[in-house]
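Biologist: I should like to learn how to read a strand and its partners in a structure that is new to me. Might we go through one case together?

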Amino acid sequence: MIDVSDIVQYLYCPRKVYFLKVAGIKIEKPKMEEGKRAQAEVERNLRRFAEKIGGKLETGIYLESQRQGLKGLLDAMINADSAIYPVDVKLSRFDSLSYPWKMQLTAYAMLLEENSGKSVRKGYIYIVGTRKLIEVRIEPEDRRALMRIVKEVEEIIESEKYPPTSKSKKCNYCEVSEFCV
Ligand code: SF4
């Protein structure tokens, strides 16, 4: 099973998946401490929002699916009577929806759907710095795109082939750039 975070790494650059999952390179998570400090406020705000839409907040939910070949730790979910919504919390300085974020939330939505038995048609991304909550609709084409990405990630890991890619300005911010030739 691949991790939901591998999806984001793959969409940043397929070669990152090779370094992290085949070569076993570990990258630091410098924002961890900042995340812990913000946690209480984030939970308070999300709980308030959950109540507003008639739901209940749950945090830190481990999800996995053999069928989808996916696993991951979801930051939070809002459980209402007839619906359930995944919530992904971001410490990013960007506060607009990117494709990797959408695919990551799609992966959580599909896992949550299978684990809860309720259908998931939308989810939320909460931006810590700006306290912005972005509503994200999960469409059938998003699910199909995600399944294609999962297969591509699996192929890199199983084949252990070094993916061809061209250097770009992303390389300047890449945590594995010192290993990448
Ligand atoms: S340094 Fe550039 S090419 Fe290498 S893994 Fe990072 S983003 Fe990809």
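Modeller: Let us begin with a pair of facing residues in this predicted model. Ile 127 stands opposite Lys 132, which belongs to strand 6.

Biologist: How many bridges join strand 5 to strand 6, and do the two run parallel or antiparallel?

Modeller: Strand 5 and strand 6 (residues 132-137) run antiparallel and are joined by 6 bridges. Their hairpin has 4 residues between the strands, and there Arg 131 takes a positive phi near 55 degrees.

Biologist: Which residue stands opposite Ile 127 in strand 4?

Modeller: That residue is Lys 90. Strand 4 (residues 84-90) runs parallel to strand 5, with 4 bridges between them. From strand 4 the chain passes through helix 4 (residues 99-116) to strand 5, a β-α-β crossover that is right-handed.

Biologist: How should one read the two faces of a strand?

Modeller: In a regular strand, side chains alternate between the two faces of the sheet. In strand 5, one side carries Lys 122, Tyr 124 and Tyr 126, and the other carries Gly 123, Ile 125 and Ile 127.

Biologist: Are these residues buried or exposed?

Modeller: They are all buried, and both faces of strand 5 are thus covered. For the strand, residues 122-127, the count is 6 of 6 residues buried.

Biologist: Let us turn to the ligand. Where does the ligand sit?

Modeller: The ligand occupies the second largest pocket. Residues around the ligand include Tyr 12, Arg 15, Lys 167 and Cys 180. The shell divides into 6 nonpolar, 2 polar and 3 charged residues.

How values were computed
Residues numbered from 1 in each chain as written. Predicted model: local features only at pLDDT ≥ 70, side-chain atom pairs only at ≥ 80, totals over all residues. Heavy atoms only, no water. Near = heavy atom within 4 Å. 1 Å grid on protein atoms, 1.4 Å probe; cavity = no way out; pocket = protein on both sides within 12 Å on 5 of 7 lines; lining within 4 Å. Sits in = over half its atoms within 2 Å of the grid points. Nonpolar A, V, L, I, M, F, W, Y, C, P; charged D, E, K, R; others polar. Buried < 20%, exposed > 50% of the residue type's maximum accessible area, 1.4 Å probe, protein only. Pairing = 2+ DSSP bridges. Right-handed = clockwise from strand over helix to strand, strands pointing away.
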